[in-house]
Amino acid sequence: CATLSITMEEVKPTFDVDKAAVLVNEMRKTFSSGKTKSYEWRMSQLESISKMIDEKEKEIIEALHKDLSKPELEAFLSEILMTKSSCKLALKELKHWMMPKKVETSMATYPSSAEIVSEPLGVVLVISTWNFPFLLSLDPVIGAIAAGNAVVLKPSEIAPATSSLLTKLLGEYVDESAIRVVEGAVRETSALLEQKWDKIFFTGGARVGRIVMAAAAKHLTPVTLELGGKCPAVVDSNVNLQVTAKRIIAGKWACNNGQACIGVDYIITTKEFAQKLIDSLRSVLEEFFGKDPMESKDLSRIVNSFQFMRLVNLLDEDKVSDKIVFGGQRDESQLQIAPTILLDVPEDSLIMQEEIFGPLLPIMTVEKLEDSLDMINRKPKPLAAYLFSDDEQIKSKFVQNISAGGIAINDTVLQLTVSGLPFGGVGESGMGSYHGEFSFDAFSHKKAVLYRSFAGDAPTRYPPYTPGKQKQM
Ligand code: NAD
């Protein structure tokens, strides 16, 4: 990319791929020693991570700026604050999460008691992505530590400044015998994937998700796959238009400039209402990012030239390029594309087939709002689906008929801030979930334990199975 004027770092792999087995053995030794299982060890590591975030906030924000030009406040809210709250919640709730949960017993076991005991899975691998490279690396690691595992983190090579900062900071703050960072790209990740892990937690795209799952299958390793998809937002005509426009923009451009797994991918509204919605989006976009958004400091840039070209190709497809109703400017030297709205692109265009993961927003129109359900259901199940409406019947229909990882009504993205809600996909948007106690569960085995005394020994249970015994039942 000759015109590129942004200096981009490259990730320097920190380990020799031939030593992957050695690394896993070292971690297994630590896990077998039992140290990661104690409540005190888990608390001390979580406290260190919390301290690290407080003390190194400036460095973290700088790394995010290098990798994505992430605006400072956006970086603080969506990466630092979110990771901190995750850590705080684990510190507050850990004792409760670790406690065995009593369950009712059956007639056959009378008298007895039973409980579910959460035990760590062992040595786990977390593979992360580049769009929220701090949050999406540390958040699963927090869950893995809370659950008492030894953990290896492989951040994304596409956010190299954050990747190397994570290596440096975790090296300083946490117990390296049980928590390690491995930097690298495909070669390093492939070497890690050949090893036997007790759990693999992967955040990324469905293509690599399949590679991860195939590698895990060889060792019968369980996986959580946090993938992506095309997240729709359906907009009714009875909405508060100003609030709706703000919240759509917050869940698209103010969210890493559209490079977000639960960001709004496309909108569906009625033919009648489309122009009003476009006018409102246009006026709020100008209010947020100015008359020339290419100059705005409040928009992240596109992460690299590969992603930039991928987005430009979506925009320049023949059947799409004349559908732009707002924006469309691009500057390769700054890796920037302006917030762009398109109206009624063909459903078979690339932009409506692929996950967009960038600042382009197609608006699709339907005759009746109910038709939007069919349009969504014709596609693979998304990670998130949004509805803006004041109509209780439509809301209920949407929740009942749309299968998605999660749903937010009259907002975007904020469902992920509710720690009581599981965060994860369904179908092609992934499997398994995390956040809050779900993170602890994602890295725990739920062991079933039954306690009996020597009383209550019913003879009907034992051979010989005489007809008399059968009659007693
Ligand atoms: P990606 O799948 O290309 O990369 C993710 C990770 O896999 C990286 O660490 C990378 O080094 C590794 N990797 C890449 N190719 C590999 C290969 N051939 N073998 C082994 N490892 C390999 O994804 P990405 O481009 O980093 O992220 C974009 C995707 O992630 C989007 O689909 C987005 O929706 C999804 N995503 C999901 C979530 C979520 O929480 N569900 C969050 C952010 C992003």
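Two residues are treated as being in contact if their C-beta atoms, placed from the backbone, lie within 7 Å. In the predicted model described here, Gly327 meets this criterion with Ala338, Pro339, Thr340 and Ile341, once its neighbours within four places in sequence are set aside. Gly327 belongs to the loop that connects strand 10 (324-326) with strand 11 (330-331). A residue counts as buried if 20 or more other C-beta atoms lie within 10 Å of its own. Gly327 is therefore buried, since 21 other C-beta atoms are found within 10 Å. Between the C-alpha atoms of Gly327 and Gln259 the separation is 17 Å, the two residues being 68 residues apart along the chain.

The overall dimensions of the model were examined next. The protein consists of 473 residues, and a compact globule with that number of residues would have a radius of gyration near 23 Å; the value for the protein is 25 Å, which agrees. Along the principal axes, the C-alpha atoms fill a box of roughly 80 × 55 × 35 Å. The chain contains 17 helices and 18 strands, and 45% of its 473 residues are buried. Among contacts with a separation of 6 or more, 71% involve residues 24 or more positions apart.

According to the UniProt record, an unreviewed entry, residues 19-449 carry the annotation "domain: Aldehyde dehydrogenase". Within this span, 44% is helix and 18% is strand, and the C-alpha atoms at its two ends lie 38 Å apart.

One open sheet comprises 6 strands in the order 5-4-3-6-7-17, and its pairing is mixed. At its edges are strand 5 (179-181) and strand 17 (430-431), each of which pairs on one side only. Helix 1 (residues 20-33) lies across strand 3 (123-127), strand 4 (150-154) and strand 5. The direction of helix 1 is at about 150 degrees to that of strand 4.

Strand 6 (residues 199-203) has strand 3 and strand 7 as its neighbours in the order of the sheet. The pairing of strand 3 with strand 6 is parallel and extends over 4 bridges, and Ile127 stands opposite Phe202 of strand 6. Strand 6 and strand 7 also run parallel and are joined by 4 bridges. In this second pairing, Ile200 has Val223 of strand 7 as its bridge partner, while Phe201 is partnered by Thr224. Strand 6 is largely enclosed by the rest of the structure, because 5 of its 5 residues are buried. The side of strand 6 to which Lys199, Phe201 and Thr203 point is opposite to that of Ile200 and Phe202.

Two residues, Glu226 and Cys261, are covered by the annotation "active site" in the unreviewed UniProt entry. These positions are spread over 36 residues of sequence, yet they cluster in space, with a largest C-alpha distance of 9.1 Å. Glu226 is part of strand 7 (residues 223-226), whereas Cys261 is located in the loop between helix 9 (241-250) and strand 9 (266-270).

Both annotated residues satisfy the criterion for burial. Glu226 is buried because 28 other C-beta atoms lie within 10 Å, and Cys261 is buried because 31 other C-beta atoms lie within 10 Å. Apart from its neighbours within four places in sequence, Glu226 is in contact with Phe202, Thr203, Gly424, Gly425 and Gly430. Of these, Phe202 and Thr203 belong to strand 6. With the same exclusion of sequence neighbours, Cys261 is in contact with Gly228 and Leu383.

The surroundings of the ligand include these two annotated positions. A total of 28 residues surround the ligand, and the closest are Gly204, Val208, Glu226, Gly228 and Cys261. Helix 7 (186-194) and helix 8 (206-218) each contribute at least two residues to this shell. Helix 7 makes the greatest contribution, supplying 3 residues.

Note on methods: Residues are numbered from 1 along each chain as its sequence is written. This is a predicted model: local features need pLDDT of at least 70, side-chain atom pairs count only at pLDDT 80 or more; totals for chains, interfaces and linings use all residues. UniProt positions are given in the numbering used here, feature names are shortened, and annotations may be inferred rather than shown by experiment. A residue is buried if 20 or more other C-beta atoms lie within 10 Å of its own, exposed if 12 or fewer, and partly exposed in between; C-beta atoms are placed from the backbone. The radius of gyration is taken over C-alpha atoms; the globule rule is 2.2 Å times the number of residues to the power 0.38. Two strands pair if DSSP finds at least two bridges between them. Axes are lines fitted to C-alpha atoms, for helices over the stretch in contact, and angles run from 0 to 180 degrees between N-to-C directions. A residue is near a molecule or strand if its C-beta atom, placed from the backbone, lies within 6 Å of it.
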